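Trainee: Hey, got a minute? I'd like to go through this one with you.
Mentor: Sure, put it up and we'll take it piece by piece.

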Number of protein chains: 2
Amino acid sequence: MRPEDRSDGQKRTSFIEEARRAQIIECAVEAFAELGYANTSLARIAERAGISKGVISYHFAGKTELIEQIVDHVYRDITQFVLPRMEGEATATGALRANIRAVVEYMRGHRDQLLALGEIFNNVRTSDGRRRYGVAFNEPIYEAREELFRRGQQSGELRSFDPRVMAVTVQAAIDEMFAYWVAYPDHDLTAHADELADLFEHATRAERPRGTAGR
Amino acid sequence: MRPEDRSDGQKRTSFIEEARRAQIIECAVEAFAELGYANTSLARIAERAGISKGVISYHFAGKTELIEQIVDHVYRDITQFVLPRMEGEATATGALRANIRAVVEYMRGHRDQLLALGEIFNNVRTSDGRRRYGVAFNEPIYEAREELFRRGQQSGELRSFDPRVMAVTVQAAIDEMFAYWVAYPDHDLTAHADELADLFEHATRAERPRGTAGR
DNA sequence: TTAAATTCTGGCCATGCGGCCAGAAGACAG
DNA sequence: CTGTCTTCTGGCCGCATGGCCAGAATTTAA
């Protein structure tokens, strides 16, 4: 019934195929965000999309592949959004502030995507019971931030601290800011982001910045 | 079959009743921690406890009540552990450091309890689809920490910042330290805790501590 | 010892799940 | 118009779930 992978190695996904996949992914994101992981079944996703359950099975190999596609999609999206907004910052402090602001800007426009990603990260497990997308999935983010902090330390801009702990903590602070905003939608995200930037500026900068009277 | 609530208002839970309930809660905690929320069924809990599935139904009104009891139990446990270890600290900075250390000490001995609590918080929903134990459940913690920071600010020990954002961020940092340790069991928890204490000391203390030469 | 209360077993039930498929319906090229 | 390829429908399957219960086993009380 389904062409699947062709012998010539080409994918040849039709326009309609791509459109359907995109639509299903979108509806699945909404469902995960709104209902939570446990209450999101293929039937509910199909219902939201106004299609039969079998259509999902037709376009995706299974629930697992659908979830993988969601993670891929959102991850690519957020990376492409945030990275360019950090370029051109000379100082580590400036780059971190730009980073936080960019993520906040993304949050506003993509609440459901981030919620869905969270549901998936927290719940999907491999057959042996371990998390499919564990902390290890954050490694690229941690390493990038670590590198940022290390350079700031070498240049004397930042004080001495464990860059890994700082990187992990920054990510936790951002994630919790998001969760707090989801719980309290009237919460002032911009103010929170500025507070976080100040917080980590104080936490990371060298004790005696150049130009300050010392002992 | 079951006495339920007696007309005289007394509970009269027998010794065996209490023991069974405790055993079931313990096994449920292990199951949630090890298998995750979605894979933890009453059958699996019963299997771990070496009893029939019906026993759980006999001692608890349903899965919902069992989960409530777990949350109650663990929450009470951690509070009773941490609070006494924060008393007698004169400064806000000292109290925060003691707080972080106490939580870390608790983590070491109660990994499964905290994991189970996390699974429950992240997944249990009310019938209308909203989180049963949302961010609002952390309010007592947030408010206590807020109060701590406010006093530190009034005494001049701490700089001016938003106490709520700082309280939320501290909690996030602690939670993520736990998650990181779960993912990497060889991770040095003590060092991480000290780093966190240093981090927030720098983030919160007043710019010019008394006794330092200023301009 | 006997009767009553408590605790437990094993199995049944309706529900919802993901996967699957036969065939209908639609799109499209010859 | 005709035949082929793509897409979709609706329903079926085996399975796991939480809840429930009749009756057995055990403990406790008289």
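Mentor: One term before we start: a salt bridge is a side-chain nitrogen of Lys or Arg within 4 Å of a carboxyl oxygen of Asp or Glu. Also keep in mind that this is a predicted model.
Trainee: Okay, so how many salt bridges are there across the interface of chain A and chain B?
Mentor: By that rule, 6 salt bridges turn up across the interface of chain A and chain B. Glu207(A), for instance, forms a salt bridge with Arg205(B), and their closest N and O atoms are 3.0 Å apart.
Trainee: And how many residue pairs are in polar contact between chain A and chain B?
Mentor: The count there is 17 residue pairs.
Trainee: Which helix gives the largest share of the side of chain A that touches chain B?
Mentor: That's α8(A), with 11 residues. By class, that side of chain A has 18 nonpolar, 8 polar and 13 charged residues.
Trainee: What's the area buried between the two chains?
Mentor: About 3,400 Å² is buried between chain A and chain B, and carbon and sulfur atoms give 57% of it. On the chain A side, Tyr180(A), Leu199(A) and His202(A) lose the most area to chain B, together 16% of what that side buries.
Trainee: Switching topic: how do α5(A) and α7(A) cross?
Mentor: Their axes come within 9 Å and cross at roughly 155°. Angles over 145 degrees count as roughly antiparallel, so that's what α5(A) and α7(A) are to each other.
Trainee: Which residues make that contact?
Mentor: Ala92(A), Ala95(A), Leu96(A) and Asn99(A) come from α5(A), while α7(A) brings Arg145(A), Leu148(A), Phe149(A) and Gly152(A).

Notes. Residues are numbered from 1 along each chain as its sequence is written. Chains are lettered from A and ligands numbered from 1 in the order in which they are written. This is a predicted model: local features need pLDDT of at least 70, side-chain atom pairs count only at pLDDT 80 or more; totals for chains, interfaces and linings use all residues. Side-chain values use heavy atoms; hydrogens and water are left out. Axes are lines fitted to C-alpha atoms, for helices over the stretch in contact, and angles run from 0 to 180 degrees between N-to-C directions. Helices (H or I, at least four residues) and strands (E, at least two) are DSSP runs, numbered from the N terminus. Angles under 35 degrees count as roughly parallel, over 145 as roughly antiparallel, 65 to 115 as roughly perpendicular and the rest as oblique. Contact means heavy atoms within 4.5 Å. Buried area is the accessible area (1.4 Å probe) that two parts lose on being put together, summed over both. A polar contact is a pair of N or O atoms within 3.5 Å; within protein, one must be able to donate a hydrogen and the other to accept it, and residues adjacent in sequence count only if both atoms are side-chain atoms. Ala, Val, Leu, Ile, Met, Phe, Trp, Tyr, Cys and Pro count as nonpolar, Asp, Glu, Lys and Arg as charged, and the others, Gly among them, as polar.
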